[in-house]
Amino acid sequence: EYAEISLKDIDQVAKRSFPLCMHHLFEKLREDHHLKYGGRMQLGLFLKGVGLKLDDALAFWKAEFSIKVGPERFDKEYAYSIRHSFGKEGKRVDYTPYSCQKVISSTPGVGDHHGCPYRHFSEENLRASLSKMGVSNRAMEDVMEKVRNKHYQLACTLTFEAIHGSSCDSGINHPNQYFAESRKILL
Ligand code: SF4
């Protein structure tokens with residue numbers, strides 16, 4: 001039901017329409033050419049949910065991981081789990097993308113980049129990220145107030161509204177819903 005995205009414009013789409021949790025993983029992957037398991041799952045299933053096909057997904061991950069571990073090691077150690085998450089291996093379960101609740105309740109450790117930035121970032125990092133996304137100082141204070149009250153999804157909803165200049169009455173409850181709402185406005 002989500003619009004398909006192709007590899008050639010994925011960077012632009014990520015910048016404009018990914019929620020912060022996914023944009024952060026996306027940027028880290030581009031920067032480090034690697035993500036630990038929790039990040040691979042969170043971003044990988046999200047990308048599947050936005051319509052990235054298996055072949056494109058394999059090409060996308062391979063291009064990054066090959067820089068770090070080489071193409072052979074990618075094929076041996078990482079390709080399987082990508083096919084697996086698409087239901088093409090093992091028990092052939094077609095895994096669904098994580099909801100906000102699941103992302104928020106995850107427990108990222110050192111070196112992990114998954115989780116919900118509204119919950120898991122330091123205030124300083126969160127402010128820097130929001131300002132990079134184009135959130136104004138005034139909207140930022142409203143977002144931070146929601147964060148202080150542990151209303152992470154409301155903080156994300158306010159961010160969405162600030163960036164898109166448009167209200168989001170349903171609120172944000174799923175990263176893929178954030179994406180779909182954004183595409184509705186921007187396309
Ligand atoms: Fe991602 Fe949901 Fe957190 Fe927004 S509230 S950053 S969509 S997990």
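## Close-up views of a predicted model

**Figure 1. His33 in the loop between H2 and H3.** In this view His33 occupies the loop that runs between H2 and H3. The structure shown here and in the following figures is a predicted model. Although His33 is not a glycine, its phi is positive, at about 55°. The two elements that flank this loop return in later views: helix H2 (20-32) contributes two or more residues to the lining of the second largest cavity, and helix H3 (37-49) does so for the largest cavity.

**Figure 2. Lys150 in the loop between H9 and H10.** Lys150 belongs to the loop that connects helix H9 (137-148) with H10. Like His33 in the preceding view, Lys150 is not a glycine, yet its phi is positive, at about 65°. Lys150 counts as exposed, because its relative accessibility is 60% and the class begins over 50%.

**Figure 3. The shell of residues around the ligand.** The residues around the ligand are Pro19, Cys21, Cys100, Val103, Cys116, Pro117, Tyr118, Gln153, Cys156, Ile172 and Pro175. Two or more of these shell residues come from each of helix H6 (100-104), helix H7 (117-120) and helix H10 (152-164). By class, the shell holds 10 nonpolar residues and 1 polar residue, with no charged residue. The ligand itself sits in the second largest cavity, which is the subject of the next view.

**Figure 4. The second largest cavity, where the ligand sits.** This cavity encloses about 100 Å³ of space. Its lining is formed by Pro19, Leu20, Cys21, Cys100, Val103, Ile104, Cys116, Tyr118, Tyr152, Gln153, Cys156 and Pro175. Helix H2 (20-32), H6 and H10 are the elements that each supply two or more of the lining residues. In terms of class, 11 lining residues are nonpolar and 1 is polar, while none is charged. Which domains contribute at least three residues each to this lining? They are domain 1 (8-85) and domain 2 (100-186).

**Figure 5. The largest cavity and its lining.** The model contains 2 cavities of 30 Å³ or more, and the largest cavity has a volume of about 120 Å³. A total of 14 residues line the largest cavity, and Arg40, Gly44, Trp61, Ile82 and Ser85 are those closest to its centre. Two or more lining residues are given by each of helix H3 (37-49), helix H4 (54-69) and helix H5 (71-85). Which of the elements gives the most to this lining? H3 does, with 7 residues. The lining of the largest cavity is divided into 9 nonpolar, 3 polar and 2 charged residues.

**Figure 6. The largest pocket, between two domains.** About 310 Å³ of space lies in the largest pocket. Of its 13 lining residues, His23, Glu27, Ser129, Lys132 and Met133 are the closest to the centre of the pocket. H2 and helix H8 (123-133) are the elements that give two or more residues to the lining, and H2 provides the largest share, 6 residues. The lining comprises 5 nonpolar, 3 polar and 5 charged residues. Why does the largest pocket lie between domain 1 (8-85) and domain 2 (100-186)? Both domains give residues to its lining, so the pocket is placed between them.

**Figure 7. Ser131, Asp56 and Ser6.** Ser131 is placed in helix H8, whereas Asp56 lies in helix H4. Ser131 has a relative accessible area of 44%, so it is classed as partly exposed, and Asp56, at 28% relative accessibility, also counts as partly exposed. Both values fall in the partly exposed class because buried means under 20% and exposed means over 50%. Along the chain Ser131 and Asp56 are 75 residues apart, and their C-alpha atoms are separated by 31 Å. For the pair Asp56 and Ser6, which are 50 residues apart in sequence, the separation in space from C-alpha to C-alpha is 7.7 Å.

Terms used. Residues numbered from 1 in each chain as written. Predicted model: local features only at pLDDT ≥ 70, side-chain atom pairs only at ≥ 80, totals over all residues. Heavy atoms only, no water. Near = heavy atom within 4 Å. 1 Å grid on protein atoms, 1.4 Å probe; cavity = no way out; pocket = protein on both sides within 12 Å on 5 of 7 lines; lining within 4 Å. Sits in = over half its atoms within 2 Å of the grid points. Helix = DSSP H or I, 4+ residues; strand = E, 2+ residues; numbered from the N terminus. Nonpolar A, V, L, I, M, F, W, Y, C, P; charged D, E, K, R; others polar. Points joined across faces, edges and corners; volume = space filled by probe spheres on them. Domains from an automatic or database assignment. Buried < 20%, exposed > 50% of the residue type's maximum accessible area, 1.4 Å probe, protein only.
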